[in-house]
There are 2 protein chains.
Amino acid sequence: MRVLLVEDNKLLAQGVVMSLAKEGVQVDHLASYKQAQAALNNEDFSAIILDLGLPDGNGEDLLKQWRRNGVSLPIIVLTANTDFDTKLACLDIGADDYLSKPFDVRELVARLRAIIRRQHGLDNNLFSFGALEIDFTRCEVHFRGELVSLSRREYQVLVEFAQSAGRVLTRNQLEQLTYGWDEVGSNSIEVHIHHLRKKMTTELIKTVRGIGYILAQTS
Amino acid sequence: MRVLLVEDNKLLAQGVVMSLAKEGVQVDHLASYKQAQAALNNEDFSAIILDLGLPDGNGEDLLKQWRRNGVSLPIIVLTANTDFDTKLACLDIGADDYLSKPFDVRELVARLRAIIRRQHGLDNNLFSFGALEIDFTRCEVHFRGELVSLSRREYQVLVEFAQSAGRVLTRNQLEQLTYGWDEVGSNSIEVHIHHLRKKMTTELIKTVRGIGYILAQTS
DNA sequence: TTTAAACCTTAAGTAAACCTTAAGATTATT
DNA sequence: AATAATCTTAAGGTTTACTTAAGGTTTAAA
């Protein structure tokens with residue numbers, strides 16, 4: 001897990017970095033909005049802690065802009081303001097949570113974890129094996145980072161492999177799993193596997209001659 | 001949005017159904033726990049309003065059981081009891097909120113909204129994803145900064161996408177969420193999607209062939 | 001209350017993607 | 001080299017989704 005901390009108070013930042021390090025969280029600390037924007041464009045983060053009171057711009061506008069641009073990461077906002085209206089305003093423009101300074105670093109850590117957990121609870125429907133990734137909630141498949149467009153049957157077959165957790169599947173099992181009892185009198189499974197290999201790589205699905213197929217580690 | 005109301009007082013139920021209908025919420029009203037259990041197994045809901053005092057069983061046990069079985073929907077509980085202990089007990093066994101009779105229907109509606117929003121991690125009334133923005137309090141939709149005029153059904157369908165948090169929705173789910181049990185024997189969802197795409201852009205809603213549709217990032 | 005406008009549901013036609021076949025080619029095994 | 005298993009290809013035929021338009025219903029305005 002990797003968090004982006006945007007904060008110009010070095011002492012405070014240091015405290016956060018250390019506290020989160022103890023939790024096994026990698027924190028990248030930047031002290032300006034400009035740097036933050038650049039980092040967000042080029043790096044992957046799990047969450048952002050954003051101080052709204054930095055001198056080099058308007059933090060609220062930045063937050064709004066991120067949300068408009070589809071940044072969906074959890075964002076916790078830090079401000080000097082303590083009143084309820086400010087809090088509401090923050091949530092309105094897209095923050096996930098809010099802390100007013102001064103705050104106990106342990107509280108920040110707790111909230112961060114809660115938010116990431118919430119986020120995780122929603123999308124732990126990911127399968128990942130070698131270079132293959134399947135997002136079950138979106139029915140999307142990525143291979144070596146690239147989105148692969150699969151037909152319904154191809155997707156079904158691949159999902160069966162993913163769910164078989166490294167076991168060999170016979171052609172018969174595959175047929176049953178994807179067709180149910182609607183028997184299929186042909187080699188269509190073979191054809192779908194052929195297409196899957198073509199769209200990704202031949203090595204993705206290994207043939208176990210005389211028995212069936214198995215999903216293979218890819219890189 | 002589709003809510004399951006479990007309540008044996010017909011007059012009260014009618015009031016709730018009508019009030020929520022004005023808010024664009026589809027309410028399915030059932031008058032027994034048995035029916036509710038069955039409905040929950042077979043249908044998709046966004047939330048449940050549960051009267052604990054029905055004659056055909058123990059509402060608290062039912063609630064507990066649902067939670068044990070992994071039902072994570074927001075549930076608002078209605079009871080005749082007014083004391084604080086009862087309220088705490090309800091929350092303990094898995095309710096998200098509590099109302100004691102008699103209550104103002106408007107309050108129920110407000111709490112329902114708040115809870116559903118919270119559930120979706122939107123602690124604000126704005127949804128923003130790519131170039132699409134929805135203001136739930138005003139029922140307004142903006143695309144690329146421009147106000148888009150949508151009909152009631154178009155708006156409902158779009159809101160379901162917004163609240164599905166990046167998941168694929170099957171045509172069936174969309175139908176259930178916007179029509180409830182008033183089965184619709186046609187392709188009207190397809191038509192509404194067609195209109196939404198026409199008013200904004202084709203890319204807004206991606207079709208996942210053989211499965212359903214998903215809201216896509218737009219710019 | 002009447003009238004007009006907007007809207008929703010249908011249904012049917014069209015186009016595209018997809019699935020199953022089957023047959024020939026290739027590869028592994030004996 | 002012979003045989004069996006698997007791969008590859010391409011062509012119907014089928015399913016799925018898109019589009020359009022008409023009729024009926026609701027909503028709003030006069």
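**Exercise 1. The surface near DNA strand C**

Identify the helices that each supply at least two residues of the surface near DNA strand C.

*Solution.* Step 1: in chain A the helices are α6 (152-163) and α8 (188-199), and in chain B they are α6 (152-163) and α8 (188-199). Helices here are DSSP runs of H or I with at least four residues, strands are runs of E with at least two, and both are numbered from the N terminus. This is a predicted model, in which local features need pLDDT of at least 70 and side-chain atom pairs count only at pLDDT 80 or more, while totals for chains, interfaces and linings use all residues. Residues are numbered from 1 along each chain as its sequence is written, and chains are lettered from A and ligands numbered from 1 in the order in which they are written.

Step 2: 23 residues lie around DNA strand C, and those that come nearest are Ser151(A), Arg153(A), Ser186(A), Ser151(B) and Ser186(B). A residue is near if its C-beta atom, placed from the backbone, lies within 6 Å of the molecule or strand.

Step 3: sorted by class, this surface has 11 polar, eight charged and four nonpolar residues. Nonpolar covers Ala, Val, Leu, Ile, Met, Phe, Trp, Tyr, Cys and Pro, charged covers Asp, Glu, Lys and Arg, and polar covers the others, Gly among them.

**Exercise 2. The surface near DNA strand D**

Which element gives the largest share of the surface near DNA strand D?

*Solution.* Step 1: α8 of chain A and α8 of chain B each supply at least two residues. Step 2: the largest share, five residues, belongs to α8(A). Step 3: among the 16 residues around DNA strand D, Glu190(A), His194(A), Thr207(A), His194(B) and Thr207(B) come nearest. Step 4: the class division of the surface is eight polar, five charged and three nonpolar residues.

**Exercise 3. Two helix crossings**

Describe how α6(A) crosses α7(A) and how α6(B) crosses α8(B).

*Solution.* Step 1: the axes of α6(A) and helix α7 (residues 171-179) of chain A come within 10 Å and cross at roughly 120°. Axes are lines fitted to C-alpha atoms, for helices over the stretch in contact, and angles run from 0 to 180 degrees between N-to-C directions. α6(A) and α7(A) are therefore oblique to each other; angles under 35 degrees count as roughly parallel, over 145 as roughly antiparallel, 65 to 115 as roughly perpendicular and the rest as oblique.

Step 2: from α6(A), the contact with α7(A) draws on Arg153(A), Gln156(A), Val157(A) and Glu160(A), and from α7(A) on Leu174(A), Leu177(A) and Thr178(A). Contact requires the C-beta atoms of two residues, placed from the backbone, to lie within 7 Å. The contact of α6(A) with α7(A) has three nonpolar, two polar and two charged residues.

Step 3: in chain B, the axes of α6(B) and α8(B) come within 9 Å and cross at roughly 90°, so α6(B) and α8(B) are roughly perpendicular to each other. Step 4: Arg153(B), Glu154(B), Val157(B) and Leu158(B) of α6(B) meet Ile189(B), His192(B), Ile193(B), His195(B) and Leu196(B) of α8(B). By class, the contact of α6(B) with α8(B) has five nonpolar, two polar and two charged residues.

**Exercise 4. The three-stranded sheet of chain A**

Establish the strand order and the pairing of the open sheet that contains β10, β11 and β12 of chain A.

*Solution.* Step 1: the order is β10-β12-β11 (chain A), with antiparallel pairing. β10 (169-170) and β11 (205-208) of chain A each have a single partner strand, so one side of each edge strand is without a neighbour in the sheet. Two strands pair if DSSP finds at least two bridges between them.

Step 2: β10(A) is joined by two bridges to strand β12 (residues 212-215) of chain A, and Thr170(A) has Gly212(A) as its bridge partner in β12(A). Step 3: four bridges connect β11(A) with β12(A), where Thr207(A) is partnered by Tyr213(A). Step 4: three residues lie between the strands in the hairpin of β11(A) and β12(A), and Gly210(A) takes a positive phi near 85° there.

**Exercise 5. The five-stranded sheet of chain B**

Is the pairing in the five-strand open sheet of chain B parallel or antiparallel?

*Solution.* Step 1: the pairing is parallel, and the strand order is β2-β1-β3-β4-β5 (chain B). Step 2: β2 (26-30) and β5 (97-100) of chain B are the edge strands, each pairing on one side only. Step 3: from one strand to the next, the twist averages 20°. Step 4: helix α1 (residues 10-22) of chain B packs on the sheet and touches β1 and β2 of chain B, its direction making about 165° with that of β2(B). Step 5: strand β1 (residues 2-6) and strand β3 (residues 47-51) of chain B pair over four bridges, and Leu5(B) has Ile49(B) as its bridge partner in β3(B).
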